[in-house]
Amino acid sequence: MKLYNTLTRKKDDFIPRFEGKVSMYTCGPTVYHYAHIGNLRSYIMEDVLEKYFRYSGYDVKRVMNITDVGHLSSDGDTGDDKMLKGAKREHKTVMEIADFYTKAFFEDCRKLNIKTPDVVVPATSYIDEFIRVIAVLIEKGYAYEAGGNIYFDTSKIDKYYVFNDFREEDLEVGVREGVEEDSNKRNKADFVLWFTKSKFEDQELKWESPWGLGYPGWHIECSCISMKNLGEYLDIHCGGIDNAFPHHTNEIAQSEAYLGHEWCRHWFHVYHLNTNSGKMSKSSGEFLTVSLLEEKGYDPLVYRFFCLQSHYRKSLVFSYENLDNAAAAYEKLTARIAGILDGSGETDKAKFSELKKLFTDAMDNDLNTALAVTAVYDVLKADTNNATKLALIKDFDSVLSLGLIEAAKRSAEKNSGDPDEDIPAEIIELIEQRKAARKEKNFALADEIRDKISALGYVVTETREGTKVSVKS
Ligand code: AMP
Ligand code: ZN
């Protein structure tokens, strides 16, 4: 499989270190609010990647953290603590907020057919491990204490900016533009591993450490949770593109300083979901959730379909018009699948392999989900029996997870169960008029309307459930 690697800036052959096994790490959500559908775009695409690894025969172990401490409102070391902000907003404790939004996140994932990773670790459950790794970094000379905090010394690393070639002066621009400068730092790019001198006097969660009562920085959690659960060599690390710098850059710096060798070979980044006014973000306050889409009548899997129709390395613009188009396409597609549900015939093995190749070729080419979805249409059009088509669609959907078969069954039921579905508006109007006449006990008028309906080719019957209308046979 060819997969773009942010580290090498090209499509690489994805080759895990140990044959047949993939170790995969995903940056989890910061649980101070609901996940927005932009965050969920990242998790949908990572879910497809994980399922495709499994589909390709790999034994995958996937680990994800839950950020319930340490993430400040800027991805650097400035701004408010996000969890504290959430707690203040809702007059709850930080742990109550973390618990509530962690559950809400997994509920959204369930609705979007996103599988829960094999191991999920809240950052607050690994404090001892963070302290242990930070102590090693200090001992090895990669970290220093200043003004009560522990910092990572980026000047000790040969190449710190692994993803982008930033210049120190570029970072200084940010400082001039009003971002608070931390005078304790030896180098502009240094970052906090452990805070003791808290800017937040009301910081709720603090732990004893060799450097005093405090709490960890955000970046150290992912390095430690990954290394503890997946070992010294990680095959692939995932996240949204905004995580590449500084979060993933810092993860690499501290993990490789700790290990003394290369850590993760492959970096997978999902580009952003934007609105017409820019990136969707929680901090801007303007964001869409899965529940909101449901309230507006959208099936969450239509959103998944919308995401899969475009490539993960392109920004995706969300609008209701675009989502409506996806909803219409999804309905049409599943109605077509409804037509082959009988699965008649014997599976044609040769045809099956030929058509399956369309799907695997698309996925093997940098996870081209849009083409993989097109392969479903190619199957429907193909010159083969329904059994083969159905088997292929089930096979592809074990990765795409669009609920195609279930939706097709619902579509089939809708069209057979309720004959009222295809009744023209004119007849429905006449039925309403007849109902009103019967209510007023004007049976002569009611009969007259019945005759009119009959002349137009429809039969009206009264059942225990009410008036039913069907096409005259
Ligand atoms: P957070 O909850 O802020 O820690 O973010 C969770 C995940 O969502 C991270 O991998 C982010 O990189 C990703 N993310 C944040 N905003 C967007 C967006 N607008 N589109 C896609 N992914 C995003
Ligand atoms: Zn992370």
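This report describes a predicted model of one protein chain with its bound ligands.

## The chain as a whole

The chain has 473 residues, and 51% of them count as buried. Its secondary structure comes to 16 helices and 16 strands. The C-alpha trace spans about 95 × 60 × 35 Å along its principal axes. About 21900 Å² of the chain is exposed, and carbon and sulfur atoms supply 49% of that area. Contacts with a sequence separation of 6 or more were also counted; residues 24 or more positions apart account for 76% of them.

## The zinc site

Ligand 2 is a zinc ion. Which residues coordinate the zinc ion? Cys-27 and Cys-222 each do so through SG, and His-247 does so through NE2. The distances run from 2.0 to 2.1 Å. Along the sequence, the donors follow the spacing C-x194-C-x24-H. Cys-27 sits in the loop between strand 3 (21–26) and helix 1 (37–55), while His-247 belongs to helix 7 (residues 244–259), so this pair ties together parts that are 220 residues apart in sequence. Both Cys-27 and His-247 are buried.

## The site of ligand 1

Ligand 1 is surrounded by 18 residues. The closest are Thr-30, Gly-38, Ser-42, Asp-242 and Leu-273. By class, the shell holds 5 nonpolar, 10 polar and 3 charged residues. Helix 1 and strand 10 (234–240) each supply at least two residues of this shell. Helix 1 gives the most, with 4 residues.

Three polar distances between ligand 1 and the protein are listed here.

| Residue | Protein atom | Atom of ligand 1 | Distance |
|---|---|---|---|
| Gly-38 | polar backbone atom | nitrogen | 3.1 Å |
| Asn-39 | N or O atom in the side chain | oxygen | 3.0 Å |
| Ser-42 | polar side-chain atom | nitrogen | 2.8 Å |

How much of ligand 1 does the protein bury? Taken alone, ligand 1 exposes 500 Å², and the protein buries 95% of that.

## Helix 9

Helix 9 covers residues 300–308 and is mostly covered: 9 of its 9 residues are buried. Among the buried residues are Leu-301, Tyr-303, Arg-304, Phe-305 and Phe-306. In an α-helix there are 3.6 residues a turn, so residues three or four places apart point the same way. The N-terminal end of helix 9 is capped by Asp-299. A side-chain oxygen of Asp-299 lies 2.9 Å from the backbone nitrogen of Leu-301.

## Three residues in their surroundings

Lys-61 comes first here. This residue is found in strand 4 (residues 59–66). Is Lys-61 buried, partly exposed or exposed? Its relative accessibility is 36%, so Lys-61 counts as partly exposed; the range for that class lies between 20% and 50%. The Lys-61 side chain reaches the backbone oxygen of Asn-229 at 2.9 Å. Leaving aside neighbours within four places in sequence, Lys-61 is in contact with Val-22, Ser-23, Met-24, Asp-118, Val-119, Asn-229 and Leu-230. Glu-406 stands 345 residues from Lys-61 along the chain, and the C-alpha atoms of the two are separated by 28 Å.

Thr-154 is next. It is found in the loop between strand 7 (149–152) and helix 5 (168–176). Thr-154 counts as buried because its relative accessibility is 7%, and buried means under 20%. Which side chain does the side chain of Thr-154 meet in a polar contact? The partner is the side chain of Asp-190, at 2.6 Å. Not counting neighbours within four places in sequence, Thr-154 is in contact with Tyr-160, Asn-187, Ala-189, Asp-190 and Phe-191.

Leu-193 completes the set. This residue lies in strand 8 (residues 191–195). With a relative accessibility of 0%, Leu-193 counts as buried. Which residues does Leu-193 touch, beyond those up to four places away in sequence? They are Ile-134, Leu-137, Ala-143, Ile-150, Tyr-151, Phe-152, Pro-216, Gly-217, Ile-220 and Gln-254. Ile-150 is 43 residues from Leu-193 along the chain, yet their C-alpha atoms are separated by 5.5 Å.

Technical notes:
Residues are numbered from 1 along each chain as its sequence is written. Chains are lettered from A and ligands numbered from 1 in the order in which they are written. This is a predicted model: local features need pLDDT of at least 70, side-chain atom pairs count only at pLDDT 80 or more; totals for chains, interfaces and linings use all residues. Side-chain values use heavy atoms; hydrogens and water are left out. Donors are N, O and S atoms within 2.8 Å of the metal (3.2 Å for Na, K and Ca); water is not among the atoms, so sites may look incomplete. Buried means under 20% relative accessible area, exposed over 50%, partly exposed in between (1.4 Å probe, protein chains only). A residue is near a molecule or strand if one of its heavy atoms lies within 4 Å of it. A polar contact is a pair of N or O atoms within 3.5 Å; within protein, one must be able to donate a hydrogen and the other to accept it, and residues adjacent in sequence count only if both atoms are side-chain atoms. Accessible areas come from the Shrake-Rupley method with a 1.4 Å probe; for residues, only the protein chains shown count as cover. Ala, Val, Leu, Ile, Met, Phe, Trp, Tyr, Cys and Pro count as nonpolar, Asp, Glu, Lys and Arg as charged, and the others, Gly among them, as polar. Contact means heavy atoms within 4.5 Å.
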